[in-house]
Amino acid sequence: MSFLGFGAGLRSPHYSDVLSGRVLEVDWFEAISENYLGYGEEPAGRPLETLLKVRENFPIVLHGVSLSIGGTDPFDRSYLKSLRKLYEIVDPAWVSDHLCWTGVHGHNLHDLLPLPYTRDTIGHVVSRIQEAQDFLGRRLTIENVSSYLSYASSEMSEWEFLSEIHARTGCGLLLDVNNIFVSAHNHAFDASEYLQGIPEGSVTQMHLAGHSSNEALLIDTHDAPVCDGVWQLYAEALKRFGRISTLIEWDADIPVFERLEEEVSHARSIAQRVHGSPILAQNPNRSRKDFHQPSGTQVSVGAT
Ligand SMILES: [Fe+2]
């Protein structure tokens with residue numbers, strides 16, 4: 001998978017900054033797929049026009065929140081068709097969603113809920129990823145979620161669960177370093193052990209974000225700067241996995257774009273320290289063909 005550099009989540013308050021034409025500290029953007037789906041299977045008009053303007057100068061990754069890859073309801077075919085059409089139009093560098101379930105019996109809980117880490121769940125998730133990859137014609141990249149509960153039925157660690165699913169489906173992994181940090185605190189596991197348990201070569205992308213806390217738990221709120229502990233864990237992840245496309249998520253109390261750029265810049269400086277070579281911003285006039293990936297090369301389905 002190609003290395004895109006250091007990116008940021010594309011959010012509407014920043015559209016004018018992103019399209020200003022000035023050199024940005026951001027190399028690429030991740031857009032939330034659902035924000036660009038319209039009614040039925042037609043993509044949204046105005047938001048999609050904006051996304052395609054951004055796409056003229058920056059690589060785009062499409063990140064979904066509604067696939068419910070671990071759910072037990074059948075996939076929503078209308079949603080999958082809409083996604084497939086959006087992928088055809090945008091031709092993202094890759095596509096991703098979360099290793100979670102989001103509802104049951106047709107009820108959407110609007111949350112990314114963790115799964116029990118069992119052999120049976122692995123079999124279920126593997127067949128669901130294969131079905132989605134077949135339908136979408138794309139390799140999926142799957143993100144670890146933060147969690148605030150665990151299941152008495154779990155038979156293995158989260159990293160063993162994630163690694164087995166990667167091995168059996170060929171899906172990429174989107175490691176959210178903040179989610180690992182948050183869950184490590186909430187469940188009292190060792191975040192470094194988590195990283196060591198993920199196979200080298202499996203990670204397509206990393207996420208970084210801020211979180212908040214109450215007396216007992218850390219909560220993945222995406223409303224603050226990345227904390228020192230997450231930066232340290234990120235450096236550890238870079239040592240293990242090498243150069244990995246990295247993205248800052250900031251979804252609540254969204255700051256001015258320049259503040260977001262500072263976070264991106266800090267991620268870049270850590271990577272430069274870890275890997276010992278400068279990694280430069282490459283926008284805004286980088287030729288589109290430099291990062292264009294023909295979608296025909298991205299399909300990877302079935303057990304491996
Ligand atoms: Fe994330």
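Is aspartate 97 buried or exposed? Here are some notes on that residue and its surroundings, bearing in mind that the model is predicted.

1. Let me start with the answer. Aspartate 97 is buried, because 24 other C-beta atoms lie within 10 Å, and the cut-off for calling a residue buried is 20 or more. This aspartate belongs to strand 4, which covers residues 95-98.

2. It is worth looking at what surrounds aspartate 97. Once its neighbours within four places in sequence are left aside, aspartate 97 is in contact with Gly64, Val65, Leu67, Ile69, Leu140 and Ile142. Glutamate 143 is another residue to display: 46 residues separate it from aspartate 97 along the chain, yet the C-alpha atoms of the two are 6.2 Å apart.

3. Now for the overall fold. Eight strands close into a barrel, with parallel pairing, and their order is 1-2-3-4-7-8-9-12. From one strand to the next, the twist averages 30 degrees.

4. Strand 1 is a good place to follow the closure of that barrel. Strand 1 (residues 6-9) pairs with strand 12 (residues 245-249) through three bridges, in the parallel sense; here alanine 8 has isoleucine 248 of strand 12 as its bridge partner. Strand 1 also pairs in the parallel sense with strand 2 (residues 28-32), again over three bridges. In that pairing, glycine 9 stands opposite glutamate 30 of strand 2.

5. Elsewhere in the barrel, strand 8 (residues 172-176) and strand 9 (residues 203-209) run parallel and are joined by four bridges. Leucine 173 faces valine 203 of strand 9 across this pairing. Helix 6, made up of residues 177-187, lies across both strand 8 and strand 9, and runs at about 65 degrees to strand 9.

6. My last point concerns a pair of helices. Helix 8 (residues 228-241) packs against helix 9 (residues 257-275) at an angle of about 45 degrees, and their axes are 10 Å apart. Helix 8 is therefore oblique to helix 9. The crossing of helix 8 past helix 9 is right-handed.

7. If you would like to inspect that packing residue by residue, helix 8 contributes Trp231, Tyr234, Ala235, Leu238 and Lys239 to the contact, while helix 9 contributes Ile270, Ala271, Val274 and His275. Sorted by class, the contact of helix 8 with helix 9 has seven nonpolar residues, one polar and one charged.

Technical notes:
Residues numbered from 1 in each chain as written. Predicted model: local features only at pLDDT ≥ 70, side-chain atom pairs only at ≥ 80, totals over all residues. Pairing = 2+ DSSP bridges. Helix = DSSP H or I, 4+ residues; strand = E, 2+ residues; numbered from the N terminus. Axes fitted to C-alpha atoms, helices over the stretch in contact; angles between N-to-C directions. Parallel < 35°, antiparallel > 145°, perpendicular 65-115°, else oblique. Left-handed = near helix turned anticlockwise from the far one by under 90°. Contact = placed C-beta atoms within 7 Å. Nonpolar A, V, L, I, M, F, W, Y, C, P; charged D, E, K, R; others polar. Buried ≥ 20, exposed ≤ 12 C-beta atoms within 10 Å, placed from the backbone.
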